[in-house]
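Please look through the model below before reading my comments, and keep it open beside them as you go.

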Amino acid sequence: ADRLVQAAKLGGVVAYAVADLASGAILESAGPDTAVPPASVAKTVTTLYALEKLGADFRFQTRVMRLGKVTNGRLEGDLILAGGGDPTLDTDRLGDLAAALAASGLREVSGRFIAYAGALPGRESIAPDQPDYVGYDPAISGLNLNFNRVYFEWKRQGDGWTTGVDARGARFLPKVSMADVSIARRDLPIFTYAAAEGRDSWSVAASALGKEGSRWLPVRHPAEYTAEVFQTLCAAHGIHLKPAEIVQALPEGVVEIASDQSEPLAEVLRDMLKYSTNMTAEIVGLTASGAGSQQWSAAAMREWARVRFGFSGWLVDHSGLGADNRVTAGDLVRMMLAADHNPVAARLMGLLHETGLADADGKQSKSSPVRIFAKTGTLNFVSALSGYVVPPKGRKLAFAILTADVPRREALALNERESPPGGSAWVKRSKRLQQQLIRRWVTQFA
């Protein structure tokens, strides 16, 4: 194992632990009590926390409500779009909600259009140390859409470019005006961001555009974004709404007209673990804790993990995106062992992404008889993997592997953090080491 670690040439810290799943006996470890950034492996803690606090069948709801009476299709009062924090709400489902509103017989609204965003504490980004323009670090709100990202595309036309910003789904393509992107004749920075009242204003360097392309940009005003898209979708049904008023308290006396709900929490968590969706992790954690801020919510989950699993780490969020998160390989293995025997947390293995063991060259083998159920975690010069190994016969293993070169990570300039020099090669070496260690454990212990 030492030779494998040395050959990987990662620098920094390599810590790991592997245990017999049935007995809990630690079979091999190195630095199991060393605190290391977990990256998205922190989402396994969030998963267990949410399953216990909310239940696997919990669903997020988004509702359309009225304040006033409807007479002959006219609402004499206000229409409310009430968010329930759903992190998975997308344009297609919002379009179906607008269609349900029209199907109820509503044709006209005399009063205000209100968007309620107070189901969760709002936050402009998950981790302030990330570049403004990365889609994996959007805002958090009680009213969210498309993982709080907007679609920006461009195409060369003559001496300039045509551009568009929309909230596209599979069935609907509403244009968006609350986010705009201008093109600047410069080389760097590639993107700049300026916040305005209820708006996101971006500029992009012309030198970075090329002939044509697209990317998702984060939304910093998700309630305004969701409300505008809903307004557009309602207009397609002939229901014209006034510009939205964003509120943090739901008015009293409201009556539900239509509603939408997410998939059950277990399915939301399965997708969160597979695609490592930071926004989903933060919202699920905030909903489970009921705390009034990300800081206090993370603290509540941290204390819960300490009581349940003897967790000694330090978590500042629910996604693992924050730079100050720390866990140990021992923490994660104890959690994996406990999850296997806890009736609620026993779902974890079934929610984790399944892969085969890579071959000797590090290439994924779909036909491998050894199955790995695990969560990956990747940040700049941080790579982690934790989960279970299930061989075709022999004992099942619980494991955690944490690698990080924190000084190298901290030395990066802000504009290097989306794609740091040497970062992809470093992660590739780390992932190969992870597979080599697992292959060794299967041979040695399973």
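The points that follow take up a helix, the nonpolar cores and a group of paired strands.

1. The model is a predicted one, and every comment here should be read with that in mind.

2. Helix α11 covers residues 423-445, and because each of its 23 residues is expected to add 1.5 Å, with the span reckoned over one less than the number of residues, the helix should span 33 Å, which agrees with the 33 Å between its end C-alpha atoms. Among the buried residues of α11 are Trp426, Val427, Ser430, Leu433, Leu437, Trp441 and Phe445. An α-helix has 3.6 residues a turn, so residues three or four places apart point the same way, and this is worth having in mind when you locate the buried positions on the helix.

3. Nonpolar side chains in soluble globular proteins tend to be buried together. The largest nonpolar core here has 60 residues, and within that core Val45, Leu269 and Tyr388 have the most contacts. Helix α8, residues 329-341, gives the most to this core, contributing 7 residues. There is also a second, separate core of 47 residues, which includes Leu89, Leu143, Trp154 and Leu241.

4. Strand β7 (residues 149-157) pairs with strand β12 (residues 212-218) in the antiparallel sense over 7 bridges, and in this pairing tryptophan 154, a member of the second core, stands opposite glycine 213 of β12.

5. Strand β7 is also joined by 7 bridges to strand β8 (residues 160-166), again running antiparallel, with glutamate 153 opposite glycine 164 in β8. Between β7 and β8 lie 2 residues, so placed that the strands form a hairpin, and glycine 158 in the turn has a positive phi of about 65°.

Note on methods:
Residues are numbered from 1 along each chain as its sequence is written. This is a predicted model: local features need pLDDT of at least 70, side-chain atom pairs count only at pLDDT 80 or more; totals for chains, interfaces and linings use all residues. Side-chain values use heavy atoms; hydrogens and water are left out. Helices (H or I, at least four residues) and strands (E, at least two) are DSSP runs, numbered from the N terminus. Buried means under 20% relative accessible area, exposed over 50%, partly exposed in between (1.4 Å probe, protein chains only). A nonpolar core is a set of buried Ala, Val, Leu, Ile, Met, Phe, Trp, Tyr and Cys residues joined through side-chain atoms within 4.5 Å. Two strands pair if DSSP finds at least two bridges between them.
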